[in-house]
Amino acid sequence: MDNRQTGALLRALRQERRLTQAQAAEALGVSPQAVSKWERGLGGPEVSLLPVLARFFGVSLTRLLAGDLMPDPLEAGNMKRLKFYVCPDCGNLLTASGGGELHCCGRKLEPLAAKPADKDHAVRVTEVEEDWYITFDHPMEKDHFIRFAACMTLDRVLLARLYPEQGGELRIPQLRGGGKLYLCCSRDGLFEVKL
């Protein structure tokens with residue numbers, strides 16, 4: 001941790017929130033002199049205060065220690081780059097079409113890597129009126145089930161959350177341009193099928 005860089009970042013974050021050093025000190029439970037010392041790079045906050053500072057200013061601890069909030073390189077956040085994340089603790093489902101870090105239940109989440117559907121994760125897709133009727137023979141038990149299905153084209157995604165003890169079927173509107181269907185197995189990960 002470079003005290004000058006971290007101090008400059010703390011000053012910028014405080015000013016962004018339109019707080020005086022005294023107001024920030026009161027909210028953090030430290031003296032105004034401590035805030036002044038940090039911002040001038042003459043010392044750093046105690047280690048126990050770092051997570052408090054990160055939460056207070058809404059930044060990651062890693063960026064706070066690095067002393068910068070450099071934007072992640074642009075990844076042209078289109079649907080081709082959409083990534084799926086599932087929290088291993090609570091099952092929360094998150095998506096992102098650009099860079100960044102996602103966290104849930106105190107864990108940094110890694111994107112799921114899609115693999116081609118195998119025989120255990122095969123689907124049948126039929127057209128019914130203006131919809132796709134998707135069926136699969138995968139178990140839908142409490143400890144082994146399909147968490148979600150997502151149909152994705154270049155400009156949109158349609159996501160359907162599935163639950164244990166639900167039937168192995170779903171019906172979704174057809175999206176123009178074909179696309180891909182993703183199925184996420186609670187035990188085996190993410191699978192893709194071209195539509």
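1. A good place to start is the cavity: the largest cavity is lined by Leu10, Arg14, Ala24, Leu28, Val35, Trp38, Glu39, Leu53 and Phe57. Four elements, α1 (3-16), α2 (21-28), α3 (32-39) and α4 (50-57), each give two or more residues to this lining. The largest share, three residues, comes from α3. Please keep in mind as you read on that this is a predicted model.

2. On size and character: the space in this largest cavity comes to about 50 Å³, and the structure holds one cavity of 30 Å³ or more. Sorted by type, the lining residues are seven nonpolar, no polar and two charged.

3. Is arginine 14, one of the lining residues, buried or exposed? Arginine 14 sits in helix α1 and counts as buried, because its relative accessibility is 9%, and the cut-off for buried is under 20%. Leaving aside residues up to four places away in sequence, arginine 14 touches Leu19, Thr20, Gln21, Ala24, Glu39 and Phe57. Of these contacts, Ala24, Glu39 and Phe57 also appear in the cavity lining.

4. Next, the hairpin. Strands β1 (residues 83-86) and β2 (residues 93-96) pair in the antiparallel sense, with four bridges. Valine 86 has leucine 93 in β2 as its bridge partner. Six residues lie between the two strands, and glycine 91 in this hairpin takes a positive phi near 80 degrees.

5. How many salt bridges does the structure hold? There are eight. One of them joins the side chains of arginine 107 and aspartate 89, at 2.8 Å from N to O. This pair links distant parts of the chain, with arginine 107 in strand β4 (residues 107-109) and aspartate 89 in the loop between β1 and β2, 18 residues apart. Both partners are partly exposed: arginine 107 has 42% relative accessibility and aspartate 89 has 45%.

6. Another salt bridge connects arginine 124 and aspartate 137, whose closest N and O atoms are 3.1 Å apart. Arginine 124 belongs to strand β6 (residues 123-128) and aspartate 137 to the loop between β7 (131-136) and β8 (146-152), so the pair ties together parts 13 residues apart in sequence. Arginine 124 is partly exposed at 41%, whereas aspartate 137 counts as exposed at 65%.

7. Two last items on charged residues. Lysine 119 forms a salt bridge with aspartate 120, the closest N and O atoms being 3.6 Å apart; lysine 119 is exposed at 75%, while aspartate 120 is partly exposed at 49%. Finally, a network of salt bridges links Glu129, Asp131 and Arg171.

Methods: Residues are numbered from 1 along each chain as its sequence is written. This is a predicted model: local features need pLDDT of at least 70, side-chain atom pairs count only at pLDDT 80 or more; totals for chains, interfaces and linings use all residues. Side-chain values use heavy atoms; hydrogens and water are left out. Two strands pair if DSSP finds at least two bridges between them. On a 1 Å grid over the protein atoms alone, a cavity is a set of points where a 1.4 Å probe fits but cannot get out, and a pocket is an open set with protein on both sides within 12 Å along at least five of seven lines; lining residues have an atom within 4 Å of a point. Grid points are joined across faces, edges and corners, and a volume is the space filled by probe spheres set on the points. Ala, Val, Leu, Ile, Met, Phe, Trp, Tyr, Cys and Pro count as nonpolar, Asp, Glu, Lys and Arg as charged, and the others, Gly among them, as polar. Buried means under 20% relative accessible area, exposed over 50%, partly exposed in between (1.4 Å probe, protein chains only). Contact means heavy atoms within 4.5 Å. A salt bridge is a side-chain nitrogen of Lys or Arg within 4 Å of a carboxyl oxygen of Asp or Glu.
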